[in-house]
Amino acid sequence: MQSISLYENKNSFLNGLSPATKALYILTAILIPIILDYNLLKIDFIVISIILLITSKTFKKTYPMIFISGFLLLTIAIVQGLFNPNNITPILTIGAVVFYKEGLLSAFEITLNILNLIFSISILILTTKPSYIADALVAKGLSPRLGYIFVSLFLLVPQITQKLSIITDAQWSRGMETEGNLFVRIKAFIPLISPVIMSSFMDVKERSIALEVRGFNSTSKKTFLNEFIPNRANKWVFILLIVLIIISIILRGVLWLL
């Protein structure tokens, strides 16, 4: 059966790092470029994240996210290039449409921020089992309810995708035309909406009953059946990320004094 999460265990270096270390990497990738205010650092972290995803054999799973964000980034580039209030210097003219340097530079910076966020978060969600994330959050004192909600966010899209695929195959076996031009696909998609929504509600009800049976609302101290054991490098990677954040703060202070 197809997995309902984006996680895939490839026995890689990233699979052996704890959820806390990967979350700290996300924080590091976001904070350091902001603290030092240097776009080249965003590119550096994007490259590092891509290399880590490639070595963990999960980079292909980022394609849908890149594809979806591509439309958003293209829209941002067009809007910023044409209508940014700081636009002064024309750089590209296509007929009566004029793109400006200031707007395109702003769009480029936004693009770097989005790509940096996508690839750094991908390191967490593609190489970490959702249950390990929930266990780590609950073990640190987070409410089990919030931990479950947090993990459900990672499972939502894969679950709906899997359910849609099953219902589409069922409808196709009954003679519904599901392939063809755009009009045919839209016509086939509309009858699928109701079964997908209703089955999702049923899944939520069944899951809530299962959780109650297992004592989800119990106030006693939680124990964990499968405890995640990080690899030996986890501790040193965590310390390295902390040191990098501290160094960036010190450098920012030095630059501010200069």
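Which handedness does the crossing of H2 and H4 have? In this predicted model, the crossing of H2 and H4 is left-handed. The pair is taken up again below, after the overall layout and the packing of H1.

The chain contains eight helices and two strands. Read from the N terminus, its elements follow the order α-α-α-β-β-α-α-α-α-α. The chain has 258 residues, and 30% of them count as buried. Among contacts with a separation of 6 or more, 70% join residues that lie 24 or more positions apart.

Helix packing comes next. Two packed helices are described by the angle between their axes and the distance between the axes. Helix H1 spans residues 19–36 and helix H8 spans residues 233–257. Their axes are 10 Å apart and make an angle of about 15°. Angles under 35 degrees count as roughly parallel, and H1 and H8 are therefore roughly parallel to each other. The crossing in which H1 passes H8 is left-handed. On the H1 side the contact includes Ala 20, Thr 21, Leu 24, Tyr 25 and Thr 28, with Ile 32, Ile 35 and Leu 36 further along the list. On the H8 side the residues include Asn 234, Val 237, Phe 238, Leu 241, Ile 242, Ile 245, Ser 248, Ile 249 and Arg 252. Sorted by class, the contact of H1 with H8 comprises 14 nonpolar, four polar and one charged residues.

Lys 235 also belongs to helix H8. With a relative accessible area of 54%, Lys 235 is exposed. The C-alpha atom of Lys 235 is separated by 8.3 Å from that of Thr 21, although the two residues are 214 residues apart along the chain.

H1 also packs with helix H4, which covers residues 101–127. Here the axes are 9 Å apart and the angle is about 175°. Because angles over 145 degrees count as roughly antiparallel, H1 and H4 are described as roughly antiparallel to each other. From H1, Pro 19, Lys 22, Tyr 25, Ile 26, Ala 29, Ile 30 and Pro 33 take part. They meet Asn 116, Leu 117, Ser 120, Ile 121, Ile 123, Leu 124 and Thr 127 of H4. The contact of H1 with H4 divides into 10 nonpolar, three polar and one charged residues. Tyr 25 of H1 is listed in the contact with H8 and also in the contact with H4.

The H2 and H4 pair can now be described in full. The axes of H2 and H4 come within 9 Å and cross at roughly 30°. That angle makes H2 roughly parallel to H4. H2 contributes Asn 39, Lys 42, Ile 43, Phe 45, Ile 46, Ser 49, Ile 50, Leu 52 and Leu 53. Their partners in H4 include Phe 108, Glu 109, Leu 112, Asn 113, Asn 116, Phe 119, Ser 120, Ile 123 and Leu 126. By class, the residues of the contact of H2 with H4 are 12 nonpolar, six polar and two charged.

Leu 126 also appears in a pairing outside these helix contacts. Lys 61 lies in the loop between H2 and helix H3 (63–83). The C-alpha atoms of Lys 61 and Leu 126 are separated by 7.7 Å, with their positions 65 residues apart along the chain. Lys 61 counts as partly exposed, at 31% relative accessibility.

Helix H5 (residues 130–139) has Pro 130, Ile 133, Ala 134 and Val 138 as buried residues. These residues lie on the same side of H5, because they cover an arc of only 125° around the axis. An α-helix has 3.6 residues a turn, so residues three or four places apart point the same way. Ile 133 of H5 has a relative accessible area of 5% and is buried. The C-alpha atoms of Ile 133 and Ser 18 are separated by 8.7 Å, and the two residues are 115 residues apart along the chain. Just after H5, Gly 141 takes a positive phi of about 110°.

Positive phi values also occur outside glycine. Most residues other than glycine have a negative phi. Asn 11, in the segment before H1, has a positive phi near 55°. Asn 11 counts as exposed, at 69% relative accessibility. Asp 37, in the loop between H1 and helix H2 (39–55), has a positive phi of about 55°. Asp 37 is exposed, with a relative accessible area of 57%.

Technical notes:
Residues numbered from 1 in each chain as written. Predicted model: local features only at pLDDT ≥ 70, side-chain atom pairs only at ≥ 80, totals over all residues. Heavy atoms only, no water. Axes fitted to C-alpha atoms, helices over the stretch in contact; angles between N-to-C directions. Helix = DSSP H or I, 4+ residues; strand = E, 2+ residues; numbered from the N terminus. Parallel < 35°, antiparallel > 145°, perpendicular 65-115°, else oblique. Left-handed = near helix turned anticlockwise from the far one by under 90°. Contact = heavy atoms within 4.5 Å. Nonpolar A, V, L, I, M, F, W, Y, C, P; charged D, E, K, R; others polar. Buried < 20%, exposed > 50% of the residue type's maximum accessible area, 1.4 Å probe, protein only. Arc of directions from axis to C-beta.
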